[in-house]
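Visitor: I have a few questions of the "how do you know" kind. Could we go through them with the structure in view?

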Amino acid sequence: MNSFEYASPRTEDEAVGLLSAHGGNTAVLAGGTDLFNLLRADCITPRRVVDIKNIRSMQGVTATGRGLLVGALTTLDEILVHPLLAPYQSLAQAADGIRSIQVQSMGTLGGDLCHLPNCWYYRSGYGLLGQRNGESLPAEGRNEFHAVLGNRGPAKFVSASRFAPALIAWGAIARVAGPEPGQVSEMPLEYFYVSPKSAEQGVTVLQPGQILTHVLIPEPSQEVVSATYDVLQLEGLDWPLASAAVCLETSGGVVREARVVLGHVAPTPWVSLDASAALVGKEIDERAAQAAGDAAVARATPLSENEYKVQIARTAVKRAILRAAGQLEGALS
Ligand SMILES: Cc1cc2nc3c(=O)[nH]c(=O)nc-3n(C[C@H](O)[C@H](O)[C@H](O)COP(=O)(O)OP(=O)(O)OC[C@H]3O[C@@H](n4cnc5c(N)ncnc54)[C@H](O)[C@@H]3O)c2cc1C
């Protein structure tokens, strides 16, 4: 591990200033559950690490006129038990899927949303795109856990975030501070993510000197039901092979609006407009859920070793829909 400066700001502006130094060769430290892995493996070699844990404005959950403002420093176990978050079933289900008390108590929402890929080529020092001499290693090499959607560009890894699909399905907004102190911008969370064209680009829109400070989640409505369904290889501490999060607005038993977002199948959280279109106007039952699952993966382009993920993603979508509608029991195919 390279040596680095350590800084512990108390305000968002101070953090932005500290992160803009050294030509932006700096890193944000939140709970540290992944950042230390990245530093130890020399995946990143920042000159300064900025520990944001003491920034009070980024902690906790607050009700506002626009919805719930959830600080990026909110820990995963707070998400599980916070009364204001209780109506957002799909979020609690995503938090519950992380089966480690230590990770749940240290890991933060911001750290999850900005998590760098778990791709083994990246973690072994081949850069974000996993390239050697300009050639993609996952394209021809070991790619069983890589992307099956959105993988035609140079990025073949999958987005690591557990919460992004659920939050995007809820229509959440990302609040970003920087790169100048006092500067704040907001965007739909789905536009926060990028599929990088170069190793330097990163997996989010964040530029040097910027941090994710909050996520704003719209008020839940009585007619909206939500769910997350993860497919895991192990019933323990592991990342999903595929996941799906849905928010369904129904009227008289018929779906009026549907948001279906897949996780761990593409370099970004994957919003499936095809799956949504397959659901709108239908009553939710096993057949409608199956049709939405089929639509979600109809454009999949699996790599040499990960065809199996297409079926898993299809099933994740189907089960998330049935789970949201309270129909999952007895329909596990
Ligand atoms: C042993 C172990 C097992 C794990 N297993 C699982 C698992 O099975 N499933 C799962 O889903 N997750 C798993 N995790 C991951 C864990 O859920 C995430 O690492 C955690 O949510 C990250 O939060 P953090 O606050 O610790 O992030 P950090 O490690 O502090 O940061 C993670 C990344 O996000 C950046 N970052 C953090 N906050 C911000 C911010 N506000 N703005 C901009 N950038 C930011 C950091 O610079 C870093 O690149 C595991 C972690 C460990 C250590």
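Guide: Happily! One cut-off first: two strands count as paired if DSSP finds at least two bridges between them. Please keep in mind that this is a predicted model.

Visitor: How do you know that β4 and strand β5 pair?

Guide: The two strands share four bridges, and the cut-off is at least two, so β4 and β5 (residues 67-71) qualify as an antiparallel pair. Within this pairing, Val 61 stands opposite Val 70 in β5.

Visitor: Which sheet holds them, and what makes β4 an edge strand?

Guide: They belong to an open sheet of five antiparallel strands, ordered β4-β5-β10-β8-β9. Both β4 (61-64) and β9 (184-188) pair on one side only, and that puts them at the edges. From one strand to the next, the twist averages 25 degrees. Helix α1 (residues 12-20) packs on this sheet, where it touches β8 (173-177) and β10 (211-217).

Visitor: What makes β1 and strand β3 a pair?

Guide: The same test applies. Three bridges join β1 to β3 (residues 48-51), and at least two are needed, so this is a pair, here a parallel one. One bridge links Tyr 6 with Val 49 in β3.

Visitor: Why is one side of β1 left without a neighbour in the sheet?

Guide: The open, parallel sheet has the order β1-β3-β2. β1 (5-7) and β2 (26-29) each have a single partner strand, so one side of each lacks a neighbour in the sheet. Direction ignored, neighbouring strands here are turned by 20 degrees against each other on average.

Key
Residues numbered from 1 in each chain as written. Predicted model: local features only at pLDDT ≥ 70, side-chain atom pairs only at ≥ 80, totals over all residues. Heavy atoms only, no water. Axes fitted to C-alpha atoms, helices over the stretch in contact; angles between N-to-C directions. Contact = heavy atoms within 4.5 Å.
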